[in-house]
Amino acid sequence: MRTTAPQRGARYLLASLALVLGCHWLRAARHAPEPPAGPTTTEELIAFVDRAAAELGAKGNAAFGEFGREGSVWKYGDTHRILFHGHDPSRVGADLTTIHGAEGRAFGRWGVQALAGKRDRAWIFYKRKRPGGGAPTWKASFLRRVQGPSDERYIVGSGVYDLVPDRRFVVELVDMAAERIERDGRGALALVRDPKGPFVYRDTQVFVIDTKGNVLADPFYPELERKNQIDLKDAAGRPVQRELIQLVESDEAGWRTGYLWARPGGGAPGNKDLYVRRVQLGKQTLGVGSGLFVE
């Protein structure tokens, strides 16, 4: 039987399980010194995973011991651990495609699918209780596909609870969605449109437009898809759609800043910056974008 790209991705991922999705550093001694703070920003999380990926690429399985050693640079607070589940070995070997977040998001399957294409990096978003308990809260995990020194293949990842989106985060999210649309075509729009899908994190979402002014997908504002939005304006009367179309037609990607836009949860409009990337789908030019509320 012929296997699809996502199936092949799942095969190597499960054969060389290297993703940790819930590890927590447990203080071994009451008087042990407090560990250094772990990653808290998008840049720090990416750098953390990139360093681990380099370690794994150079040492392969031999890196596992250091990743799990108490007091090592890889063991921080409640940040997700790298490569294996250091405090719950029963999760090693689990089928990631069946793992869901507290709100039902199939984030394990999304991670496998996202890394089945050309990109060697992906993000997954879900809700989970912190190791210390309490209500489930948002978590963003960054993943890297890695090849070891003997050609073994791994996924290495780490996550941060309640990561605050920033410009780097928005660019990463748009790039991931754009690659998925280029790879899977219009079928990927259903994933973008899903408010509980892989391209929604807290109040940050991906949207897709075309150069005629149509909104092809927007999980937070589905009503915009019902008619052409070429004359769409922000709360101050600024022509949002025309400006984004002009950007897509003139540049491969870029930011437009200073819009006054309604927040998904309601309330007074907030200042929002938008980032859009051009995607060519056959003969049609699309704009894949996301935004960031600026306090």
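## Strands and rings

In β8, Trp261 finds its bridge partner in Gly270. Before going on, some ground rules: this is a predicted model, where local features need pLDDT of at least 70, side-chain atom pairs count only at pLDDT 80 or more, and totals for chains, interfaces and linings use all residues. Residues are numbered from 1 along each chain as its sequence is written, and side-chain values use heavy atoms, with hydrogens and water left out.

**The strands around β8**

Strand labels come from DSSP runs numbered from the N terminus (E, at least two residues, for strands; H or I, at least four, for helices). Strands count as paired if DSSP finds at least two bridges between them. Strand β7 (residues 253-261) and β8 pair in the antiparallel sense, with seven bridges. On to β9 (residues 284-293): ten bridges join this strand to β8, and the two run antiparallel. Here Tyr275 has Ser290, in β9, as its bridge partner. The hairpin of β8 and β9 has two residues between the strands, and Gly282 takes a positive phi near 65° there.

How enclosed is strand β8 (residues 270-281) by the rest of the structure? Nine of its twelve residues are buried, so β8 is largely enclosed. Buried here means under 20% relative accessible area, with exposed over 50% and partly exposed in between (1.4 Å probe, protein chains only).

**Aromatic pairs**

Rings of Phe, Tyr and Trp (its six-membered ring) pair if their centres lie within 6.5 Å; planes under 30 degrees apart are stacked, over 60 edge-to-face, and the rest tilted. That rule gives ten aromatic pairs, including these two:

| Pair | Centre to centre | Angle between planes | Type |
|---|---|---|---|
| Trp123 and Phe169 | 5.5 Å | 70° | edge-to-face |
| Phe125 and Tyr201 | 5.1 Å | 40° | tilted |

The Trp123 and Phe169 pair links distant parts of the chain, with Trp123 in strand β1 (residues 121-130) and Phe169 in helix α5 (residues 167-184), 46 residues apart. Trp123 counts as buried because its relative accessibility is 3%, and Phe169 does too, at 1%.

As for the tilted pair, Phe125 lies in strand β1 and Tyr201 in strand β4 (residues 200-201), so it ties together parts that are 76 residues apart in sequence. Phe125 and Tyr201 are both buried. Trp123, Phe125, Trp138, Phe142, Phe169 and Tyr201 form one aromatic cluster.

**Charges over rings**

A charge sits over a ring if NZ of Lys or CZ of Arg is within 6 Å of the ring centre and within 35 degrees of the ring normal. Arg167 lies over the face of Trp255, 4.0 Å from the ring centre. Arg238 has its charged end over the ring of Tyr259, 4.0 Å from its centre.
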